[in-house]
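Welcome! Take a moment to look over the sequence and turn the structure around before reading on.

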Protein chains: 2
Amino acid sequence: MIYNAPVKEIRFALNELAELPSICSLPGYEDCSVDLVDAILEEAAKFAEGVLAPINKAGDQGAKWNADYSVTSAPGFKDAWLQYVESGWAGLRTPTEFGGQGMPALVALATEEMWCSANLAFSLAPLLTLGAVEALHHHAGDELKAVYLPKMATGEWTGTMNLTEPGAGSDLAQVRSKAVPAADGSYLISGQKIFITWGEHDMADNIIHLVLARLPDAPAGVKGISLFVVPKYLVNADGSLGARNDVRCVSLEHKLGIHGSPTAVMSFGDEGGAIGYLVGEANKGLGYMFTMMNHARLGVGVEGMAVSERAYQKAVEYARDRVQSRAIGSSDPAGVAIIQHPDVRRMLMTMRVQIEAQRALACVAAAAMDRAAQHPVAAEAAKNQSLVNFLIPIVKGWNTEQANEITSLAVQVHGGMGFIEETGVAQYYRDARITSIYEGTTGIHGLDLIGRKTFSEGGATALALLEETRLVAAKLAPSQPKLSANLTAAAREAERCVAFILETFKAQPQLAAAGSVPFLKLMGIVLGGWQMGRAALIAQDKLAEDGADTDFLSAKIISARFYGDHLLPQVSGLAAAILEGADSVLEMPENLF
Amino acid sequence: MIYNAPVKEIRFALNELAELPSICSLPGYEDCSVDLVDAILEEAAKFAEGVLAPINKAGDQGAKWNADYSVTSAPGFKDAWLQYVESGWAGLRTPTEFGGQGMPALVALATEEMWCSANLAFSLAPLLTLGAVEALHHHAGDELKAVYLPKMATGEWTGTMNLTEPGAGSDLAQVRSKAVPAADGSYLISGQKIFITWGEHDMADNIIHLVLARLPDAPAGVKGISLFVVPKYLVNADGSLGARNDVRCVSLEHKLGIHGSPTAVMSFGDEGGAIGYLVGEANKGLGYMFTMMNHARLGVGVEGMAVSERAYQKAVEYARDRVQSRAIGSSDPAGVAIIQHPDVRRMLMTMRVQIEAQRALACVAAAAMDRAAQHPVAAEAAKNQSLVNFLIPIVKGWNTEQANEITSLAVQVHGGMGFIEETGVAQYYRDARITSIYEGTTGIHGLDLIGRKTFSEGGATALALLEETRLVAAKLAPSQPKLSANLTAAAREAERCVAFILETFKAQPQLAAAGSVPFLKLMGIVLGGWQMGRAALIAQDKLAEDGADTDFLSAKIISARFYGDHLLPQVSGLAAAILEGADSVLEMPENLF
């Protein structure tokens with residue numbers, strides 16, 4: 001179960017594709033430098049490889065719910081969390097004013113990839129805590145911030161998001177949890193929440209729940225949802241922990257994967273009401289949640305890519321070790337390592353190049369986040385925000401959909417051994433399966449992409465990105481004519497699809513929606529191709545330099561070519577489904593299913 | 001966890017697409033009639049729905065290995081097996097001379113689909129037993145047949161296949177188990193076998209192991225493998241059970257799915273040698289195994305389709321019940337059943353039409369098997385055998401690869417609930433995952449398809465099938481012009497790929513092999529389209545008849561259209577990968593992975 005953090009690959013994506021040096025020059029990131037980031041990556045790799053990866057398999061045994069409503073973390077997790085806190089990883093992108101290190105999102109993303117590859121279940125504790133920190137940082141009053149943020153920024157306390165209620169799923173209009181004002185300005189919270197990631201555990205001294213609930217006079221629907229802080233233990237004036245609050249974990253879900261991450265059913269107010277504190281203004285909870293959604297969704301996109309990377313590494317290792325069957329066309333009857341069989345090679349390349357493209361796209365999105373947040377020129381910041389908005393559903397949706405396929409290929413490379421749990425690759429397959437569901441299913445992101453992110457802005461960002469893609473394709477023409485042609489053709493198909501969405505979304509939204517997920521996948525493939533093309537161009541240039549890392553750079557070009565031959569041609573089938581297939585999606589009468 | 005056997009769909013595939021009446025008129029199948037098969041289907045549906053489906057979830061708890069080397073079947077399984085035996089299902093396609101009912105493979109296939117949908121883990125016990133019966137029937141001497149076949153044909157005793165050894169996988173050249181001749185004409189067998197499905201259990205009085213082993217003077221490689229019968233309990237001259245043989249189950253595998261099916265590590269001869277009996281001639285074991293491979297591989301293709309069907313039914317049920325989010329484009333804020341959301345519709349249709357196509361293709365293959373076995377005209381029998389040989393890797397490979405995708409879509413339709421094991425759909429996703437691995441991975445079938453099944457016969461069967469496909473497309477032109485055009489285009493792409501394989505297979509086998517699995521999938525999609533087109537034509541004709549089942553027949557046409565719009569366009573991407581992408585599969589140096 002070895003994990004080797006792909007530091008060289010990550011560094012290439014950061015420095016070359018996401019242009020880290022330009023991020024380090026943004027106001028607020030003056031302390032960041034390429035050298036510092038290099039050092040961070042080396043340390044993160046050690047932590048991921050040495051601390052998180054070794055307990056991933058034990059984590060699959062799961063956290064344990066106890067009759068006193070406590071939850072015992074999976075073996076090794078508590079100790080790993082303490083090390084995570086002590087090493088200062090928790091505050092990497094938290095503002096320095098709360099004890100964090102204020103690093104760019106791009107840098108944090110690189111470490112998050114490693115945590116997710118090493119131990120997806122574990123990585124969710126930091127992810128949720130960071131989300132809670134972000135929400136409080138942006139929307140809570142100073143008093144709340146002062147009490148909670150410093151301890152959460154260090155990871156001494158963890159955070160959760162309590163959104164979903166039984167039967168309500170992603171539809172937050174249906175939130176029914178109640179918040180009743182108390183005399184002292186606090187609120188009494190009651191209700192039940194489900195699917196609460198790391199909702200209860202024994203790794204940290206306190207757990208700070210962010211909870212969506214309705215005030216007594218709140219309007220119906222999403223405009224009547226407020227956000228509250230509900231700590232597991234109340235905090236005394238001196239910062240010490242006080243009484244246990246009226247909130248408990250009443251059960252844990254039995255899931256397909258990420259067993260090491262306790263998914264809790266949380267009950268608030270069984271004994272009269274959990275004490276909570278209003279974050280920001282009443283009835284604005286939904287907007288506050290949206291603040292952190294881009295980070296959370298990017299984070300889940302990284303999860304998908306990261307578990308794919310881990311599965312890829314395991315498949316490569318097995319394919320090198322496992323000897324079976326003679327080489328095709330060879331007269332020597334001796335078996336060869338299966339990595340020599342063309343179909344195994346095809347599977348490994350299919351995994352590899354998608355991971356490269358996904359990492360690149362996620363890094364480009366994170367860099368745009370940093371520019372949107374810090375760029376001194378308002379127009380540049382706005383342009384980057386549009387880029388973030390457009391890329392997020394693609395990174396979230398495409399990376400995670402492909403994670404199911406990529407981890408499945410990893411199982412397949414293992415043959416019968418892949419189906420045996422001891423082998424370990426089946427865990428990646430199970431763990432990955434949640435990523436295209438939580439933080440919004442792919443269907444939800446598909447709709448977001450065609451509506452708010454494409455139609456609402458007249459396709460501006462989409463078309464600009466496709467124009468960028470065509471430029472890259474043009475530059476590739478002399479050296480990589482086939483890749484260039486495939487990329488140009490794919491961009492053209494994508495443009496036709498954008499035009500279709502612009503035409504149909506308002507008048508016949510059902511037709512646009514019918515192709516929304518195929519469009520999301522198509523854009524993933526095309527924009528992944530944009531990044532693979534850029535990588536090939538950069539690699540070509542660098543190969544001409546003295547002391548070039550020939551192996552690494554040649555591999556980049558080979559990957560791009562495979563991507564062009566095997567991924568980009570899928571675009572035509574997706575485009576046909578979008579452009580010609582909407583009617584048949586809707587045609588079957590409901591009673592005939 | 002309701003399962004509704006899709007009797008109407010199955011009947012359509014049998015009667016219309018596989019032309020059951022013509023099978024019933026073959027010599028040897030005189031007792032078979034459409035009416036009798038109707039009655040069989042109704043009874044099988046009752047058994048699958050009422051007996052097998054209800055214990056599927058309990059089966060997921062798994063069989064239990066005990067320290068005395070016994071295995072306790074999952075809850076309810078033993079009783080279900082007894083009912084299966086008593087109801088006479090075990091002998092449905094076993095020759096009447098051994099107490100079976102001698103039904104065509106086509107009819108047996110229809111019942112096997114139901115067993116697999118209802119309870120995949122359970123269905124493996126009959127599948128393996130039938131395989132053993134077939135091997136003995138064709139290759140064992142009369143004495144062995146007389147002792148074993150009658151009890152196996154009824155299911156009183158079950159059968160196993162002991163092929164794989166530790167470290168050897170699908171490469172049977174590496175079999176090392178030994179068989180030493182004893183004075184009485186029997187043999188002493190020793191060695192270890194892994195991945196033995198239903199290798200030990202408590203459902204039947206005896207278990208008859210078919211074991212591949214080497215005689216002391218056997219040549220190396222696959223030409224030195226002999227097949228032996230090794231019963232768990234020796235059989236006395238009067239047919240009663242005698243001493244326990246020297247074979248035991250030393251452990252069960254902990255698997256990703258099909259937990260109800262014990263996968264045993266079997267140890268032969270720990271106490272001096274298990275008594276075994278040679279089947280047929282020495283050193284011909286591999287050929288004997290191949291005899292039953294077509295049935296077994298078709299059976300696994302049916303497994304993939306069948307678990308997909310079960311998952312589809314569950315997804316439809318959930319999509320009808322689950323209310324969430326307003327309808328797109330609607331001003332009514334009230335949530336609607338998610339089956340009304342276009343992307344959910346797209347997922348359900350994607351599942352449905354592939355299942356229809358796969359069932360059709362499997363039935364056509366089974367009918368060809370029956371014709372190959374029983375047709376009085378030798379040329380017709382031979383032609384059908386070629387058809388069987390060509391279709392088997394496609395049905396096995398394509399149905400099972402898509403089962404991973406289809407069951408994944410079923411999870412996706414369930415959103416967060418899909419990831420919770422109690423919901424049940426995750427079990428289908430886990431269970432399905434083995435089907436593209438056992439009985440030969442998709443990679444092995446891809447190679448079989450391009451080599452023995454395409455190149456070796458100059459592409460004759462492939463091109464004949466594509467010509468059939470073009471004829472169907474031509475007939476569709478007036479009524480379904482878009483489907484017709486897509487089918488014609490897909491057949492043309494497929495022909496280009498066949499030509500590529502014929503050109504490259506001998507001179508540059510690596511290039512042909514690089515596209516072997518994409519070619520298998522491409523042929524699955526195209527030949528599935530052939531069947532969907534035939535179904536649409538038949539449905540159109542029948543709709544004009546008095547008393548036509550309008551709903552059912554209209555749905556057939558809608559399914560075919562969706563297939564044309566969404567599945568057939570994928571062919572161009574696959575063809576591009578095969579024709580233009582072989583070099584980049586092979587280009588990456590092994591050390592750079």
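A good place to begin is a single pair of side chains: R561(A) and E587(B) form a salt bridge, with 2.2 Å from N to O. Keep in mind that this is a predicted model, and that the distance is computed from it. How many salt bridges are there between chain B and chain A? The count is 2.

Polar contacts add to the picture, with 28 residue pairs found across the interface of chain B and chain A, both residues at pLDDT 80 or more. On the side of chain B that touches chain A, helix α18 of chain B (residues 550-567) supplies the largest share, 8 residues. That side of chain B is made up of 38 nonpolar, 29 polar and 22 charged residues.

Now step back to the whole contact. Chain A brings 89 residues to it, and chain B brings 89 residues. The size of an interface is often expressed as the accessible area lost when the parts come together. Between chain B and chain A, the buried area is about 7800 Å², and carbon and sulfur atoms give 61% of it.

Finally, let us follow chain A through its annotations. In an unreviewed entry, UniProt places "domain: Acyl-CoA dehydrogenase/oxidase N-terminal" at residues 39-156 of chain A. This span is 64% helix and 3% strand, and its end C-alpha atoms lie 24 Å apart. The unreviewed UniProt entry also places "domain: Acetyl-CoA dehydrogenase-like C-terminal" at residues 481-589 of chain A. Here the chain is 87% helix and 0% strand, with the end C-alpha atoms 47 Å apart.

Technical notes
Residues are numbered from 1 along each chain as its sequence is written. Chains are lettered from A and ligands numbered from 1 in the order in which they are written. This is a predicted model: local features need pLDDT of at least 70, side-chain atom pairs count only at pLDDT 80 or more; totals for chains, interfaces and linings use all residues. Side-chain values use heavy atoms; hydrogens and water are left out. Contact means heavy atoms within 4.5 Å. Buried area is the accessible area (1.4 Å probe) that two parts lose on being put together, summed over both. A salt bridge is a side-chain nitrogen of Lys or Arg within 4 Å of a carboxyl oxygen of Asp or Glu. A polar contact is a pair of N or O atoms within 3.5 Å; within protein, one must be able to donate a hydrogen and the other to accept it, and residues adjacent in sequence count only if both atoms are side-chain atoms. Helices (H or I, at least four residues) and strands (E, at least two) are DSSP runs, numbered from the N terminus. Ala, Val, Leu, Ile, Met, Phe, Trp, Tyr, Cys and Pro count as nonpolar, Asp, Glu, Lys and Arg as charged, and the others, Gly among them, as polar. UniProt positions are given in the numbering used here, feature names are shortened, and annotations may be inferred rather than shown by experiment.
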